[in-house]
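Could you walk me through this model in my viewer, one selection at a time? I would like to know what to pick next and what I will find there.

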Amino acid sequence: MEPILEIDSLKKYYGKTGNQTRALENITFQVMPGEFLGIMGSSGSGKTTLLNCIATVIRPSGGRIVMGGKEIQKLAGAGLARYRGREIGYLFQNFELLENLTGRENILLPLSLHKIREEESRRRLEKLASYLEITDVLEKFPAQMSGGQKQRVAAARALILKPSLVLADEPTGALDSKNARTLMEKLSGLKGEDGATVLMVTHDAGAASYCGRILFIRDGMIFHELRKDIPRESRKAFYERILKAMAQMGGGSEYVL
């Protein structure tokens with residue numbers, strides 16, 4: 001099986017030569033189809049910089065990011081637009097829903113931008129809305145939704161184009177524990193043709209315990225890797241191993257659950 005995403009010796013420096021800040025240094029890993037991969041690290045460790053490099057929000061200083069056999073740093077014009085619009089979906093901590101659009105309109109917006117047929121759009125929306133349990137808020141505006149409902153609407157929007165990879169940046173950060181658990185159960189439970197490959201940045205050990213593998217980043221480098229022993233290891237046991245790894249990294253107040 002070929003990886004969906006390959007990161008090879010990725011580097012990112014800020015500032016001028018002689019006075020540079022190292023955000024990423026020789027980051028190398030692969031993401032396989034259907035994988036739910038977590039990226040953990042303290043504030044300033046480089047995890048969000050990594051996500052932004054993959055999303056092409058910022059350009060790395062060196063190394064390669066390869067998606068579907070294409071080096072994304074070399075994409076331009078229509079190729080870059082397609083990558084950003086079709087190959088990746090983005091799930092933000094603060095939802096980023098358009099307040100003047102209903103849940104339905106927010107979710108369907110990417111489909112209309114990419115001229116997906118109305119019948120196909122309706123089919124995808126109905127299936128995702130049912131699975132994510134948001135059918136009853138499709139006609140509501142974001143101001144009328146709870147935080148959990150907003151994030152599940154945002155998840156539907158990120159998934160509706162069936163991207164190769166979903167990038168999730170602290171998706172449970174604005175949610176209470178109940179809604180965070182619901183969102184993680186839904187994301188990790190996507191199977192079959194709707195199966196998603198997810199790369200999630202999080203500081204929350206509870207959210208990370210739904211992943212199959214976790215990379216821990218410290219000072220811009222991969223410090224440790226944990227892999228869930230599927231299917232024998234319970235989520236609780238994996239959660240406890242995550243806490244131990246965080247303690248080894250010197251987890252401070254940002255790791256308080």
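Start by selecting Cys 53: in this predicted model Cys 53 is buried, at a relative accessible area of 2%. Then jump to Cys 211, also a buried residue, with a value of 1%. If you are hunting for disulfides, the structure has 0 of them.

Now turn on the charged side chains. Side chains of opposite charge can pair when their charged atoms come close. The structure contains 14 salt bridges, and three stops will give you a flavour.

Select Arg 64 and Glu 71 next. Their closest N and O atoms lie 4.0 Å apart, in a salt bridge. Is Glu 71 buried or exposed? Glu 71 counts as buried, because its relative accessibility of 19% falls under the 20% cut-off. Arg 64, at 37%, counts as partly exposed. Widen the selection to Asp 8 and Lys 74, and you have a network of salt bridges that links these two with Arg 64 and Glu 71.

Move on to Arg 104 and Glu 139, whose side chains form a salt bridge with 2.7 Å from N to O. Arg 104 sits in helix α3 (residues 103-113), while Glu 139 is in the loop between α4 (118-132) and α5 (147-159), so this pair ties together parts 35 residues apart in sequence. Arg 104 is partly exposed, with a relative accessible area of 30%.

Finish on helix α4 with Glu 120 and Arg 123, which are 3 residues apart, or about one helical turn. Their salt bridge has its closest N and O atoms 3.0 Å apart. Arg 123 is partly exposed at 37%, and Glu 120 is partly exposed at 25%.

Definitions and conventions: Residues numbered from 1 in each chain as written. Predicted model: local features only at pLDDT ≥ 70, side-chain atom pairs only at ≥ 80, totals over all residues. Heavy atoms only, no water. Disulfide = S-S within 2.5 Å. Buried < 20%, exposed > 50% of the residue type's maximum accessible area, 1.4 Å probe, protein only. Helix = DSSP H or I, 4+ residues; strand = E, 2+ residues; numbered from the N terminus.
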